[in-house]
Amino acid sequence: MKLLAFDTSTETLSIAVDAGEGAPVLEHTGSGGAHASATLIPAIERLLQQAGLVLSQLDAIVFGRGPGSFTGLRTAAAVAQGLGFGAGLPVLPVDTLLAIAEEAHAQSGASRIVALLDARMGEVYFAAYEREGVCWRTVQPPALGRPEDVPVPPDWTIAGNAHALHPGRLPPDAPQVTALPTARALLRLAPALLADSAAHPAAQALPLYIRDKVAQTTAERAADRARKESLRGTSRTGSE
């Protein structure tokens, strides 16, 4: 299948194109978040050109629907909707936490994964997945909560970006894998999801927010910046 995949749910923009027929997957990584709205479409156009494809030749557009950065999710959904509608292509929304589980499995071989993404405000997005053959079974659907309240069964692996940002608030004995929802992971997930009729018309390209509160207060933003600066300072001290 010929597929375009992208994720803008974190501070890292990830795009990949699979031209099918044994062609190598082409990838692009850049700055996500607010930057993605300006760079996503030009980067997609360059990758398609490198692959020798035009949009209408694709079978589907795969995108990370969330949870994650609100700005990033809106960007991904809007671009998937616009490109899909313009080219008459179906869209395949994929949970970003599932993409983290897939990426962590590719890195470590783990098959029972609690996927987490930092949600700011002292919270995380989390979900649990167990791999069965080439597919994943959802054990815990995406949810929002405090890191210390995330259920992590014995012998399950924690994957994502939350453990570095919330030190001491997750089970210390659980295996940990640093992973993000990459476009390549989305491509690997796509065939089984498409076979399961998970694709939708372009108009149904919608984000998955989980949290109703979209904006942080000034105090919350300041506290978040201070926490990240403290972590960076600790990292620099440890490397000296």
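What percentage of the 240 residues of the protein chain counts as buried? I looked this up before anything else: 45% of them count as buried, where buried means under 20% relative accessible area, exposed over 50%, and partly exposed in between (1.4 Å probe, protein chains only).

**Entry 1: basis**

I note that this is a predicted model, in which local features need pLDDT of at least 70 and side-chain atom pairs count only at pLDDT 80 or more, while totals for chains, interfaces and linings use all residues. Residues are numbered from 1 along each chain as its sequence is written, and side-chain values use heavy atoms, with hydrogens and water left out.

**Entry 2: the chain as a whole**

I find six helices and 10 strands in the protein chain; helices (H or I, at least four residues) and strands (E, at least two) are DSSP runs, numbered from the N terminus. I took the exposed surface next: the protein chain exposes about 11300 Å², and carbon and sulfur atoms supply 53% of that area. Accessible areas come from the Shrake-Rupley method with a 1.4 Å probe, and for residues only the protein chains shown count as cover. Among contacts (heavy atoms within 4.5 Å) between residues at least 6 apart in sequence, 65% join residues at least 24 apart.

**Entry 3: the sheet S3-S2-S1-S4-S5**

I traced an open sheet of five strands in the order S3-S2-S1-S4-S5, with mixed pairing; two strands pair if DSSP finds at least two bridges between them. Strand S3 (26–31) and strand S5 (91–95) are its edge strands, each pairing on one side only. Neighbouring strands of this sheet are turned by 15° against each other on average, direction ignored.

I then went through the pairs. S1 and S2 form a hairpin with four residues between them, and they pair in the antiparallel sense over five bridges. In that pair, Phe6 has Ile15 of S2 as its bridge partner. S2 and S3 also run antiparallel, joined by six bridges, and Ser14 has its bridge partner in S3, Thr29. Strand S4 (residues 60–66) and S5 run parallel and are joined by five bridges; Val62 is partnered there by Leu92 of S5.

How many of the seven residues of S2 are buried? I count this strand as mostly covered, with five buried residues.

**Entry 4: helices against this sheet**

I find helix H1 (residues 36–51) packed on the sheet, touching strand S1 (3–7), strand S2 (12–18) and S3, with its direction at about 25° to that of S2. Axes are lines fitted to C-alpha atoms, for helices over the stretch in contact, and angles run from 0 to 180 degrees between N-to-C directions. Helix H5 (residues 183–195) lies across S1, S2, S3, S4 and S5 and runs at about 125° to S1.

At what angle do H1 and helix H2 (residues 70–87) pack? I read about 35°, with the axes 10 Å apart. Ala36, Ser37, Leu40, Ile41 and Ile44 of H1 make the contact with Thr75, Val79 and Leu83 of H2. I record six nonpolar, two polar and no charged residues in the contact of H1 with H2; Ala, Val, Leu, Ile, Met, Phe, Trp, Tyr, Cys and Pro count as nonpolar, Asp, Glu, Lys and Arg as charged, and the others, Gly among them, as polar.

**Entry 5: the sheet S8-S7-S6-S9-S10**

I traced another open sheet of five strands, in the order S8-S7-S6-S9-S10, again with mixed pairing. Strand S8 (135–145) and strand S10 (176–178) each have a single partner strand, so one side of each edge strand is left without a neighbour in the sheet. The twist averages 20° from one strand to the next.

S7 and S8 form a hairpin with two residues between them, and Gly133 in the turn has a positive phi of about 70°. Eight bridges join this antiparallel pair, and Glu130 stands opposite Arg137 in S8. Strand S9 (residues 157–160) pairs with S10 in the parallel sense over three bridges. Helix H3 (residues 96–108) lies across strand S6 (112–120), strand S7 (123–132), S8, S9 and S10, at about 125° to S6.

**Entry 6: Val177**

I closed with Val177, which is in strand S10 and is the bridge partner of Ala159. Why does Val177 count as buried? Its relative accessibility is 10%, and therefore Val177 is placed in that class. Not counting residues up to four places away in sequence, I find that Val177 touches residues including Ala104, Gln107, Ser108 and His163. Val177 and Ile113 are 64 residues apart in sequence and 9.5 Å apart in space, C-alpha to C-alpha.
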